[in-house]
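Trainee: Hi! Could you walk me through this one, piece by piece?
Mentor: Happy to. Let's put it on the screen.

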Amino acid sequence: MKKVLLSTLLLAFAAMGIMSCSKKENEKGAASSSAAADMRVAMITDYGDITDQSFNQTTYAACKEFSESKGIDFKYYKPSGDSTEARVSSINAAVQDGYTVLVCPGFAFAEALVKTVDDNSDVYFVGLDISEYDLITSAEALGKAGWKVPANTFCAVYDEEIPGFFAGYAAVKEGFKHLGFLGGMAVPAVIRYGYGFVQGCNAAAEELGIADQVTVEYVYGGQFYGDQTITASMDTWYQQRAVEVVFACGGGIWTSACEAAAKTGGKVIGVDVDQTALINKYGDGMCVTSAMKGLGATVKAVLASIQDGSWATYSGKVSALGLVSDTDMDANFVQLPTDTWTMKNFTVEDYKNLVKQIFDKEINISNGTEELPAHSITVNQYANLK
């Protein structure tokens, strides 16, 4: 009888143990689900809208796609104006509405981030194309000497010399021999684009044995928007110097290149995002390609790290992003848009081979900004237009 009772009790305890373990596992699963459910993503636009076919639209689409695929709440906020105060107001509104991850595209957010990240340590901030220089100078202007990027913040910058190289290399391989680089202001990111472009043109020309036939006109506008003065300069390039294609790099300065190109049937290379639709408004087929930063890839990678608990990879950092794969073009943080380019001689297979060569260090690209790397093609550098 005692043996039967003991056996019964042991079975009962065992059953309770199983139930207890099951309960713990269920609670653990519930906690995991709850953590995922608590992640709410908000994107703040800079001074444009989500239909700008540029930084805002690309970032919005990536945030939306990721959030919908994971069942995460997502919303975007548009500041009332182009000012730090307006951006801060939108950030505060998103936090008050309970959003736990804020994605902010563009260097214009630097001061707004410095003003808000320290007071919201339970919120993740993701800044795109915001450099350490942007953040530190903003902090110093606000009287925050010695300020450091806090653990709840990550900002991405990009290896602009690589997509610049892609664009120059592809353009010369496509058959262009007289090219131009129109930069906005001579800040490091723009310089890296330009020097990368020249290096790409040079590499392709040397491979083809036509270095003595390739020329690059090179100038900075001194501002990040087009106007009559810059358009007039581009008119000279296209009409008098017979420039075939211009890589227009720096905010809205591309509009001047497009206005001038439209008068001669010239071509333009876009920057930062796939600008095909924008550039082709000035002339069908005007856009050759675009030297892109992988904003979408950045957004998805960083949001995934927050969801899966690997945020430490990004926490408190400002990282330069470039090539991460020699086979998956979409995973890379610098790219050319293979679906929309108009090139015929330079193929997608050529592009993949080029990516692999750079990834494997068979081709080395300088990221220096002090002086133009050595080259055998002709480069005509001009004083800033403004």
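Trainee: Okay, which strands make up the seven-stranded open sheet, and in what order?
Mentor: Bear in mind that this is a predicted model. The sheet runs β12-β10-β9-β8-β6-β7-β13, and its pairing is mixed.

Trainee: Which ones are the edge strands?
Mentor: Those are β12, residues 334-335, and β13, residues 378-381. Each of them pairs on one side only.

Trainee: And how do β6 and β8 pair?
Mentor: In the parallel sense, over five bridges. β6 covers residues 178-183 and β8 covers 245-249. If you'd like a spot to click on, try Gly-180, whose bridge partner in β8 is Val-246.

Trainee: Cool. Which strands does helix α9 lie across?
Mentor: Helix α9, residues 254-261, lies across β6, β8 and β9. Compared with β9, which spans 267-272, the helix runs at about 165°.

Trainee: Let's switch. What's the order in the six-stranded sheet?
Mentor: That open sheet goes β2-β1-β3-β4-β5-β11, with parallel pairing.

Trainee: Why do β2 and β11 each have one side without a neighbour in the sheet?
Mentor: β2 (73-77) and β11 (317-321) stand at the edges with a single partner strand each, so one side of each is left without a neighbour there.

Trainee: How much are neighbouring strands turned against each other?
Mentor: By 20° on average in this sheet, with direction ignored.

Trainee: Which helix packs on it?
Mentor: Helix α2, residues 55-70, packs on the sheet and touches β1, β2, β3 (101-105) and β4 (124-128). Its direction makes about 170° with that of β1.

Trainee: Since you mention β1, how many bridges does it share with β2?
Mentor: Five, in the parallel sense, with β1 being residues 40-44. For a place to look, Arg-40 stands opposite Asp-73 in β2.

Trainee: New topic: at what angle do helices α6 and α12 pack?
Mentor: About 135°, with their axes 11 Å apart. α6 is residues 161-174, and α12 is residues 348-359. That angle makes the two helices oblique to each other.

Trainee: Is the crossing left-handed or right-handed?
Mentor: The α6 and α12 crossing is right-handed.

Trainee: Which residues meet there?
Mentor: From α6 you have Phe-165, Phe-166 and Tyr-169. They meet Tyr-351, Leu-354, Val-355 and Ile-358 in α12.

Trainee: How many of those are nonpolar, polar or charged?
Mentor: The contact of α6 with α12 has seven nonpolar residues, no polar ones and no charged ones.

How values were computed:
Residues numbered from 1 in each chain as written. Predicted model: local features only at pLDDT ≥ 70, side-chain atom pairs only at ≥ 80, totals over all residues. Heavy atoms only, no water. Pairing = 2+ DSSP bridges. Helix = DSSP H or I, 4+ residues; strand = E, 2+ residues; numbered from the N terminus. Contact = heavy atoms within 4.5 Å. Axes fitted to C-alpha atoms, helices over the stretch in contact; angles between N-to-C directions. Parallel < 35°, antiparallel > 145°, perpendicular 65-115°, else oblique. Left-handed = near helix turned anticlockwise from the far one by under 90°. Nonpolar A, V, L, I, M, F, W, Y, C, P; charged D, E, K, R; others polar.
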